[in-house]
Amino acid sequence: KLYGQDKWAVLMVLQGIDAAGKGGIVEHVFHGDNPMGCDVHAFKAPNKEELDHDFLWRVAKRLPERGRIGIFDRSHYEECLVVRVHPEILGGQKLPPRLVTRNIWRDRFEDIRAFERHLARNGTVILKFHLRISKEEQRQRFLARLDDPDKRWKFAIGDVAERNHWTKYMSAYQDMIRNTSTAEAPWFVVPADHKWFARLVV
């Protein structure tokens with residue numbers, strides 16, 4: 001179906017707390033595929049140009065064309081996760097003040113559902129995976145990064161600081177999944193404490 005006469009695009013979204021194994025999933029799942037057919041985008045904090053647009057703009061620019069696979073390591077969902085846990089980030093998004101209400105997360109969920117429905121109706125298969133690890137497993141993976149010179153580059157002190165917001169993140173993930181899992185774009189919640197299992201499921 002992907003490469004036949006009726007070409008589809010495939011969008012794979014990977015979300016998960018730091019050290020959940022998103023990069024390893026991409027490497028494992030697509031190891032045998034032709035890299036010419038895949039595009040991986042790791043979304044970091046928005047830059048100035050991205051902040052001058054709506055929150056879906058930067059992901060819309062990276063959507064896969066028909067016959068290709070697009071892989072998002074993090075995505076538009078960060079706007080309902082990191083920004084929700086750190087609401088001060090909203091101040092840098094240049095939104096008209098009257099739009100920043102207590103309903104902003106509900107509004108963003110509605111926008112995301114409409115965006116993904118539009119993609120599905122126009123030939124994009126959407127696969128969304130939330131990699132769920134425990135707080136203890138995350139701690140072990142952070143320590144392993146420090147112990148392994150080949151993985152030390154992955155360690156960031158900011159990741160440790162974010163652990164202080166664990167409960168808020170888990171609540172934000174739960175709300176996000178509940179409000180954005182649809183028939184066109186369901187969430188698959190993958191237990192990821194064991195990397196081999198998460199990779200097999202995805």
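**Exercise 1. Work out whether the length of helix 6 (residues 135-147) agrees with the expected span.**

Step 1. Helix 6 has 13 residues, and at 1.5 Å a residue they should span 18 Å. The expected span is 1.5 Å times one less than the number of residues. Helices here are DSSP runs of H or I with at least four residues, strands are runs of E with at least two, and both are numbered from the N terminus.

Step 2. The end C-alpha atoms of helix 6 are 19 Å apart, which agrees with the expected span.

A word on the model before we go on. This is a predicted model, in which local features need pLDDT of at least 70 and side-chain atom pairs count only at pLDDT 80 or more, while totals for chains, interfaces and linings use all residues. Residues are numbered from 1 along each chain as its sequence is written, and side-chain values use heavy atoms, with hydrogens and water left out.

**Exercise 2. Find the buried residues of helix 6 and say where they sit around its axis.**

Step 1. Q138, R141, F142 and R145 are buried in helix 6. Buried means under 20% relative accessible area, exposed means over 50%, and partly exposed lies in between (1.4 Å probe, protein chains only).

Step 2. These residues cover an arc of only 100 degrees around the axis, which puts them on the same side of helix 6. The arc is that of the directions from the helix axis to the C-beta atoms.

Step 3. Now look for their neighbours: the buried residues of helix 6 pack against helix 7 (157-162), helix 8 and helix 9 (195-201). Contact means heavy atoms within 4.5 Å.

**Exercise 3. Repeat the analysis for helix 5.**

Step 1. Helix 5 has 18 residues and reaches 26 Å from its first C-alpha to its last, close to the 26 Å expected.

Step 2. Its buried residues include I104, W105, F109 and L119. Seen down the axis of helix 5, the buried residues fall within an arc of 135 degrees, so they line one face of the helix.

Step 3. That set of residues packs against strand 1 (9-16), helix 3 (57-60), helix 4, strand 4 (124-132) and helix 8.

Step 4. Check what comes after the helix: G123 follows helix 5 and has a positive phi, near 90 degrees.

**Exercise 4. Describe the sheet, strand by strand.**

Step 1. Start with the order. The sheet is open, has 5 strands in the order 2-3-1-4-5, and its pairing is parallel. Two strands pair if DSSP finds at least two bridges between them.

Step 2. Look at the edges. Strand 2 (38-42) and strand 5 (187-191) each have a single partner strand, so one side of each is left without a neighbour in the sheet. From one strand to the next, the twist averages 20 degrees.

Step 3. Follow the pairs. Strand 2 and strand 3 are joined by 5 bridges, and C38 has I69 as its bridge partner. Strand 1 pairs with strand 3 over 5 bridges, with L14 opposite D73. Strand 4 and strand 5 are also joined by 5 bridges, and H130 stands opposite V189.

Step 4. Add the helices. Helix 5 packs on the sheet, touching strand 1 and strand 4, and its direction makes about 135 degrees with that of strand 4. Helix 8 touches strand 1, strand 4 and strand 5, at about 155 degrees to strand 4. Axes are lines fitted to C-alpha atoms, for helices over the stretch in contact, and angles run from 0 to 180 degrees between N-to-C directions.

Step 5. Finish with strand 3. In strand 3, 5 of the 5 residues are buried, so the strand is largely enclosed by the rest of the structure. I69, I71 and D73 lie on one side, and G70 and F72 on the other.

**Exercise 5. Examine some of the salt bridges.**

Step 1. A search of the whole structure finds 13 salt bridges. Each is a side-chain nitrogen of Lys or Arg within 4 Å of a carboxyl oxygen of Asp or Glu.

Step 2. R108 and E79 form one, with their closest N and O atoms 2.8 Å apart. R108 is in helix 5 and E79 in the loop between strand 3 and helix 4, 29 residues apart. Both residues are buried.

Step 3. R84 and D175 form another, at 2.7 Å from N to O. R84 lies in helix 4 and D175 in helix 8, so the pair ties together parts that are 91 residues apart in sequence. R84 is partly exposed at 28%, whereas D175 is buried at 17%.
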